[in-house]
Structure formats: structure tokens, C-alpha cells
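Here are my notes on this structure, set out as numbered points. Please read them with the structure open beside you.

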Amino acid sequence: MEKIKCIGVLTSGGDAPGMNAAIRAVTRTAIYNGLSVKGIMRGYRGLINNEIVEFHSDSVSNIIQKGGTILRTARCPEFTASEGRKTAYDNMRRAGIDAVVAIGGDGTITGARIFAEEYNIPIVALPGTIDNDLSGTDSTIGFDTALNTIMECVDKIRDTATSHERLFFVEVMGHTAGYLALNGALATGAEAAIIPEMETEDDQLKTLIDNGFRKSKNSAIVLVAENPKTGGAMGLAERVKREYPQYDARVTILGHLQRGGSPSAFDRILASRLGSAAITALQEGQRNVMTGIRNGEIVYVPFSQAISHTKKLSQDMTDLVRILSI
Ligand code: F6P
């Protein structure tokens, strides 16, 4: 096995608070272990466009507390084509990079998996996404901060919802997963969470109304996971207007503010541990794995498992939202 001397680090896909802490941990752990580091700008696009910069210990100074990513990020359709990956590989080798740490979500790991297999490159991924939809890890970097942002926003919406005695649908991100909506609902005492995972089971809006969720309450907040199939919060509010006109419904879409802000202590620590573990993994000869956290311990999750969408939302938690909102 070729000895690794130089690591390239990149962030790709949607940004997430804590990515900077991860870049810092990767960079400093690598340097501490005698490796050199190069920052690849704008994710896979930067590999294709040859935007590669030398990284030193002070390249990552004063960033642990910052949201976003100093490496910038992008979604790169060119990388899904073999010509794009060939250019990326050539640039990578020319820059002397012999292993890559890729920080991102589902799309990033899918790209890493194909690239690693095609060119036999050592790649380790870090789960960087607010969606928490990667399997094999209890949490992804950015999820906790986004959840706290949602909590602050919903607490504010609660004030006006109560004053006006209104039904609010608050739409949160999550790609196709309901982790932010369900956890957000528990954290804010919302009356319900409407999530894609339950979509096939029943008509969640009808169940909510039929259960008489407003009987003892003058207002209600429902956290809705974004969902193009149902139209998300807007789609639900339109249905209420048509089918249950007795309710005065309003919609708030939290949008990209969920992706910004200074990372929470939890995300900074998680990113630091996972970033450092990525270098250990590469030095131990691990390939095609994502570093993750299970029950407080670092684990290495094969790419195929990480993107398998087999992580289950806890039924206990969905039940708890219902029980606690009576
Ligand atoms: O994957 C992170 C995420 O924020 C999703 O929750 C959301 O669906 C998507 O990215 C939004 O992407 P964009 O920033 O390209 O609009």
C-alpha cells in the first residue's frame, strides 16, 4: 500500500455548521502526524477546476466558531460524469495529493465512493449535513446547531401563534428525511411533526385534525419536513383552507437560515473528533469509510452503508410528540 504523504480536504454539497471545525481538525491532526495538507476549494468542482491551495496550521486558525466553510462548497454535476472525474484525478495527482478527506452529505459520499473505486484512491468521508440522514452515525455535523436554530425560531413563532390563536405550519429542511422536523417538534413542544417517513402510513394532516388537536388549545404548531411530493407546509396550509376552513392557518418556511450560524459546542466537538479520526483511519489503512459516532464512540462506516438510508427514525419519538401534546 502506497504511504500517504499529502491529504487533500474538501467540503461539498450543502454547507453545515461545524464544517470549519472539521477542516481544522483534519488539517491539524494531519500536520501533527507529519503529513502535508492541501485545501481543495468548492468541493469536487475545485478538483476539476484545479483550485487547490497549500494548507498550514495557521490556515485554519480562528475558524472553529464560524459557520459555513472556509473551503467554500458547491454541488458539481460535472463530477457525476467520468470525464469530470478523470480531470479531477489528474489535477489531484499533479498537486501531489494521495488521499482525500471529503466532508459532506449523501451526494458527497456517493461521489467519493465512485471516485475511490474508479481510481483506487484512499478517501475517508466525514458526515457533514444538517439533515442527519446518513446511516451508521447517531449524528451528523451541523444537525445539532440547525436543531437549536429551529428551536429558537419556533419559540418565537409560538408567541404570535398563541396571541392570535392560530395554527402554524413551520417548514424545516431535511432533504427527504424527518430528523429535523421530529426532533424540532419534541424540542419545542409542537403539537405534531409531519414527516416523509410516515407519509405512506396515513394521511397525517387528517389524523391530526381528526384527533381534535385543538380541543383544549387555542393555537398549534406543526413542524413539517420539506417535501416536494406534498408541497410541504404550503401544500398543507392550502389543504386546510379547502378542507378545514374553520382553522386560521399560517405558514413559516425557515429555509436556509437553518444552515447558518456559529456551530454548537456539540457540533464543534463532534467535528473535531470525526475530523481527527479521519486521519487516523487513513493512516491505519482504512479506505472508503465515513467516520461516525455511535453511543459516544468513533466508528468507521463503509460508504455503502452510510448512504443506504437505513437509519430508522425512532417510533418512540413520534409517539412522544403525540403523547406530550394532549
Ligand atoms: O442537504 C442539506 C440541505 O440543506 C437540505 O436540507 C435541503 O433540501 C437542501 O440542502 C437545499 O439545498 P440548496 O442549498 O441547494 O437549496
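1. Begin with the sheet of seven strands, which is open and has the order β3-β2-β1-β4-β5-β10-β11. The pairing in this sheet is mixed. Please keep in mind throughout that this is a predicted model.

2. Which strands stand at the edges? They are β3 (52-55) and β11 (297-302). Each has a single partner strand, so one side of each is left without a neighbour in the sheet. From one strand to the next, the twist averages 30°.

3. At the β11 end, look at the pairing with β10 (residues 289-294). Strands β10 and β11 pair in the antiparallel sense, and six bridges join them. One residue to locate is Arg294, whose bridge partner in β11 is Glu297.

4. A helix belongs to this part of the description too. Helix α9 (residues 265-283) lies across five strands' worth of positions to check: β1 (6-11), β4 (99-104), β5 (123-127), β10 and β11. Relative to β5, helix α9 runs at about 170°.

5. The other sheet to examine is also open; four strands form it, in the order β7-β8-β6-β9. Here the pairing is parallel. Its edge strands are β7 (192-194) and β9 (249-253), and each of them pairs on one side only. The twist in this sheet averages 25° from one strand to the next.

6. How many bridges join β7 to β8? There are three, and β7 and β8 (residues 220-225) run parallel. For a residue to find on screen, take Ile194: its bridge partner in β8 is Val224.

7. Helix α6 (residues 179-188) packs on the four-stranded sheet, where it touches β6 (167-172), β7 and β8. The direction of helix α6 makes about 160° with that of β8.

8. Next, the ligand. Which residues surround the ligand? They are Arg75, Asp131, Met173, Gly174, His175, Glu226, His256 and Arg259. Sorted by class, this shell holds one nonpolar, three polar and four charged residues.

9. Some distances to oxygen atoms of the ligand can be checked directly. A polar side-chain atom of Arg75 is 2.9 Å from an oxygen atom of the ligand, and for Arg259 a polar side-chain atom lies 2.8 Å from an oxygen atom of the ligand. With Gly174 the contact comes from the backbone: an N or O atom there lies 3.2 Å from an oxygen atom of the ligand.

10. How much of the ligand does the protein bury? Taken alone, the ligand exposes 400 Å², and the protein buries 70% of that.

Notes. Residues numbered from 1 in each chain as written. Predicted model: local features only at pLDDT ≥ 70, side-chain atom pairs only at ≥ 80, totals over all residues. Heavy atoms only, no water. Pairing = 2+ DSSP bridges. Helix = DSSP H or I, 4+ residues; strand = E, 2+ residues; numbered from the N terminus. Axes fitted to C-alpha atoms, helices over the stretch in contact; angles between N-to-C directions. Contact = heavy atoms within 4.5 Å. Near = heavy atom within 4 Å. Polar contact = N/O pair within 3.5 Å; in protein donor to acceptor, adjacent residues only side chain to side chain. Areas by Shrake-Rupley, 256 points an atom, 1.4 Å probe, with all protein chains shown as cover. Nonpolar A, V, L, I, M, F, W, Y, C, P; charged D, E, K, R; others polar.
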